[in-house]
Amino acid sequence: MYIERKHCEYCGKMVHGRSDKKFCDDYCRSSFNNERRVVDSKEMRNIINTLKLNRNILESIVAGGIEKVRVPKEKLARLGYNFKYHTQTNTNWKGNSYTYCFDYGFLRLENDWLLVFRVIKDLNFDDED
Ligand SMILES: [Zn+2]
């Protein structure tokens with residue numbers, strides 16, 4: 001009789017029994033699933049941390065109470081800003097592209113310049129709408 005040789009996906013020991021068995025026992029199954037959950041939440045934490053870092057970089061740009069600050073995109077990159085992550089984006093009918101990280105954001109200007117701003121409720125941009 002052919003017996004498929006399989007190794008437990010958690011501990012690596014040989015698994016005996018049904019060929020669709022992936023783990024030697026319930027302990028290995030639950031340990032495997034628990035660790036995978038930790039990995040998932042670690043990835044989420046990394047993304048959340050990146051978003052917070054982005055937000056804090058934007059805050060540092062706007063710091064000082066000024067509402068909008070023009071900066072070259074390269075300056076954000078140098079500060080460690082990760083352009084892959086944001087909480088929201090939108091493009092208005094004029095094609096102006098806004099990117100947000102929580103309560104901060106920026107408008108893309110020409111030649112890789114950005115207009116960084118803090119999101120204030122009811123804040124109106126002159127060129128919006
Ligand atoms: Zn095992």
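**Close-up views of a predicted model**

**View 1. Overall order of elements.** Along the sequence of this predicted model, the elements follow the pattern β-β-α-β-α-β-β-β-β. That gives the protein two helices and seven strands. Of its 129 residues, 13% count as buried. Among contacts between residues at least 6 apart in sequence, 42% join residues at least 24 apart.

**View 2. The five-stranded sheet.** The strands of this open sheet lie in the order β3-β7-β6-β5-β4, and their pairing is antiparallel. β3 (68–72) and β4 (88–91) are the edge strands, each pairing on one side only. From one strand to the next, the twist averages 25 degrees. Strands of a sheet pair through backbone hydrogen bonds, either parallel or antiparallel.

**View 3. The β4-β5 hairpin.** Four bridges link β4 and β5 in the antiparallel sense. Five residues separate the two strands of this hairpin. Gly-95, in the turn, has a positive phi of about 90 degrees. Asn-90 of the β4-β5 pair stands opposite Tyr-98 in β5.

**View 4. The pairing of β5 with β6.** Strand β5 (residues 97–101) runs antiparallel to strand β6 (residues 104–108), and four bridges join them. Tyr-98 has Leu-107 as its bridge partner in β6. Tyr-98 also stands opposite Asn-90, so that this view continues the preceding one.

**View 5. Helix α1 and its cover.** The 37 residues of α1 should span 54 Å at 1.5 Å a residue, and the end C-alpha atoms are 54 Å apart, which agrees. Buried residues in α1 are Asn-54, Arg-55, Ile-57, Leu-58 and Ile-61. The elements covering the buried residues of α1 include β3, α2 (73–78), β5, β6 and β7.

**View 6. The largest nonpolar core.** This core has 10 residues in all: Ile-57, Leu-58, Ile-61, Tyr-81, Cys-101, Tyr-104, Phe-106, Leu-114, Val-116 and Phe-117. At least two of them come from each of α1 (26–62), β6 and β7 (113–118). In soluble globular proteins, nonpolar side chains tend to be buried together.

**View 7. Surroundings of Tyr-81.** Tyr-81 is one of the residues of the largest nonpolar core. With neighbours within four places in sequence left aside, Tyr-81 is in contact with Asn-54, Ile-57 and Leu-76. Of these contacts, Asn-54 and Ile-57 are among the buried residues of α1, and Ile-57 also belongs to the core.

How values were computed
Residues are numbered from 1 along each chain as its sequence is written. This is a predicted model: local features need pLDDT of at least 70, side-chain atom pairs count only at pLDDT 80 or more; totals for chains, interfaces and linings use all residues. Two strands pair if DSSP finds at least two bridges between them. Axes are lines fitted to C-alpha atoms, for helices over the stretch in contact, and angles run from 0 to 180 degrees between N-to-C directions. A nonpolar core is a set of buried Ala, Val, Leu, Ile, Met, Phe, Trp, Tyr and Cys residues joined through C-beta atoms within 7 Å. A residue is buried if 20 or more other C-beta atoms lie within 10 Å of its own, exposed if 12 or fewer, and partly exposed in between; C-beta atoms are placed from the backbone. Two residues are in contact if their C-beta atoms, placed from the backbone, lie within 7 Å. The expected span of a helix is 1.5 Å times one less than its number of residues.
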